[in-house]
Amino acid sequence: MAELVFFSGTMDCGKSTLALQMHHNHAARGRDGVLFTRHDRSGSATISSRLGLTKSAHEVDDRTDFWAEVIGRRTQGRPVDYVLGDEAQFYTAEQVEQLARVVDELGVDVYAFGISSDFRARLFPGSQRLVELADRVETLQVRALCWCGARATHNARTLDGEMVVEGAQVVVGDVAGRPEAAVGEVQYEVLCRRHHMRRMTAAVARAAAPHAQTLASAVVVEQPTLDV
Ligand SMILES: Nc1ncnc2c1ncn2[C@@H]1O[C@H](COP(=O)(O)OP(=O)(O)O)[C@@H](O)[C@H]1O
Ligand SMILES: Cc1cn([C@H]2C[C@H](O)[C@@H](COP(=O)(O)O)O2)c(=O)[nH]c1=O
C-alpha cells in the first residue's frame, strides 16, 4: 500500500542526503520518481546534500498543485511510482493535502523531507500538516549534535553571531561554520532544547568558558552524555 512518509529532523542531519540515496535506490530498481524541492540553499530546482550530491528537481511555488502534477504525467503515459519532496517545511498545508490524496487515490508513494520547526521552535505550516497526515514520521538515525554533545532537536537562528527569536519565518541559509559570514547575514545552529531555550549557542558557551573546546568544555561544565 502506498504511504506518505515524513522524514524529519533538524537542519544538517542528513535529510537531503537520505532523499538522494532513496531516489538512487528506487530508480536503480526501475521505479519512476518525480523530485521536488523549494528554496534549496544551493539555488532553485536542486536538491543538494552537504556531502556533495546534487540532483535537479522541480521547484515548488505557491501555485504548484501536486495532484495536477501527477495526473498530468500519467495522462501523458509517463509512470509515476513515487514523489519525493525536499524542503517540505516550505510547502503549504494545502499542498500537503494534495500529496496525501496522491497517495490514497493514485497509489503513489510520497517521501517528504524537511525540518519540523523554525528558529522559534514553532512548526512550519507544511510540517504541521505532514505530522497530522503522514502514515509515518521518521526521525533520521544520524544525529546532529548540540555543542554540549546532546542530540540537537532545535534550530537556532543567529544574526551577526547573536541568537535571534524574532523575524520572518522563512530565511534561506546554512548552519554556521563560516567565521567570515557577512555582517547582517543569517546563519543557523542546531541546539538541544535546553540550550535553545536558554539561548545558549556555541559562541555563548565559548565566551563563558573561553579556554576550552565547546564539546570538551561541555563535558567539564555540564557532564552531558555524548549521544551519537
Ligand atoms: N565533510 C563531511 N564529512 C562527512 N560527513 C559530512 C561532511 N559534511 C557533512 N556531512 C554529513 O552530512 C550531513 C548533512 O547532510 P544534508 O543532507 O546536507 O543535511 P540536511 O538536508 O538535513 O540539512 C551532516 O549531518 C553530516 O553527517
Ligand atoms: C530554522 C529555519 C530554517 N530555515 C531555512 C534555512 C535553510 O535554507 C532551510 C533548511 O534546510 P536544511 O536542508 O534542513 O539545512 O530552512 C528557515 O527559513 N527558517 C527557519 O526558521
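The following legends describe close-up views of a predicted model.

**View 1. The residues around ligand 1.** Ligand 1 is surrounded by M11, D12, C13, G14, K15, S16, T17, S49, R50 and L51. Two of the polar pairs in this view involve the backbone: an N or O atom of the C13 main chain lies 3.0 Å from an oxygen atom of ligand 1, and a backbone N or O atom of G14 lies 2.9 Å from an oxygen atom of the ligand. A side chain also takes part, with an N or O atom in that of T17 placed 2.6 Å from an oxygen atom of ligand 1. D12, one of the residues around this ligand, sits in the loop between β1 (4-8) and α1 (15-28), where it adopts a positive phi of about 65° although it is not a glycine. With a relative accessible area of 36%, D12 is partly exposed.

**View 2. Ligand 2 and the residues that come nearest to it.** There are 20 residues around ligand 2, and of these K15, R50, F119, Q169 and V171 come nearest. K15 and R50 are also listed among the residues around ligand 1. In the side chain of R50, an N or O atom is 3.0 Å from an oxygen atom of ligand 2, while a backbone N or O atom of F119 lies 2.8 Å from an oxygen atom of this ligand. The side chain of E87 likewise places an N or O atom 3.1 Å from an oxygen atom of ligand 2.

**View 3. The surroundings of E87, annotated as an active site.** In an unreviewed entry, UniProt applies the annotation "active site" to E87. This residue belongs to the loop between β6 and α3 and has a relative accessible area of 12%, under the 20% limit, and therefore counts as buried. Apart from residues up to four places away in sequence, E87 touches T37, R38, D40 and F113. The side chain of E87 also has an N or O atom 3.1 Å from an oxygen atom of ligand 2, a pair that links this view to the preceding one.

**View 4. The annotated binding site and the pocket that it lines.** The unreviewed UniProt entry lists V170, V171, V172, G173 and Y188 under "binding site". Although these residues span 19 residues in sequence, no two of their C-alpha atoms are more than 12.1 Å apart, so they gather at one spot. V170, V171, V172, G173 and Y188 are also part of the lining of the second largest pocket. V170 lies in the loop between β10 (162-164) and β11 (186-191), and G173 is likewise found in the loop between β10 and β11. V170 counts as partly exposed at 40% relative accessibility, whereas G173, at 18%, counts as buried. When neighbours within four places in sequence are left aside, V170 is in contact with H39, F90 and R157; the corresponding partners of G173 are M11, R41 and Y188, of which Y188 belongs to the annotated set.

**View 5. Helix α2, its buried side and its ends.** Within helix α2 (residues 66-75), the residues F66, W67, V70 and R73 are buried. They cover an arc of only 140° around the axis, which puts them on the same side of α2. The general background is that an α-helix has 3.6 residues a turn, so residues three or four places apart point the same way. The buried residues of α2 pack against the strands β2 (33-37), β5 (58-59) and β6 (82-85), and against helix α3 (93-106). At the N-terminal end, D65 caps α2 through a side-chain oxygen that lies 2.9 Å from the backbone nitrogen of W67. Just after the helix, G77 takes a positive phi of about 80°.

**View 6. L106 of helix α3 and its contacts.** L106 is found in helix α3 and is buried, with a relative accessible area of 18%. Not counting residues up to four places away in sequence, L106 touches W67, V70, I71, R74 and R101; among these partners, W67 and V70 are buried residues of α2. The C-alpha atoms of L106 and H58, which stand 48 residues apart along the chain, are separated by 20 Å.

**View 7. The loop that holds D160.** D160 is found in the loop between β9 (154-159) and β10. Its phi is near 50°, a positive value in a residue other than glycine.

Note on methods
Residues numbered from 1 in each chain as written. Chains lettered and ligands numbered in written order. Predicted model: local features only at pLDDT ≥ 70, side-chain atom pairs only at ≥ 80, totals over all residues. Heavy atoms only, no water. UniProt positions renumbered as here; feature names shortened; annotations may be inferred. 1 Å grid on protein atoms, 1.4 Å probe; cavity = no way out; pocket = protein on both sides within 12 Å on 5 of 7 lines; lining within 4 Å. Helix = DSSP H or I, 4+ residues; strand = E, 2+ residues; numbered from the N terminus. Buried < 20%, exposed > 50% of the residue type's maximum accessible area, 1.4 Å probe, protein only. Contact = heavy atoms within 4.5 Å. Arc of directions from axis to C-beta. Polar contact = N/O pair within 3.5 Å; in protein donor to acceptor, adjacent residues only side chain to side chain. Near = heavy atom within 4 Å.
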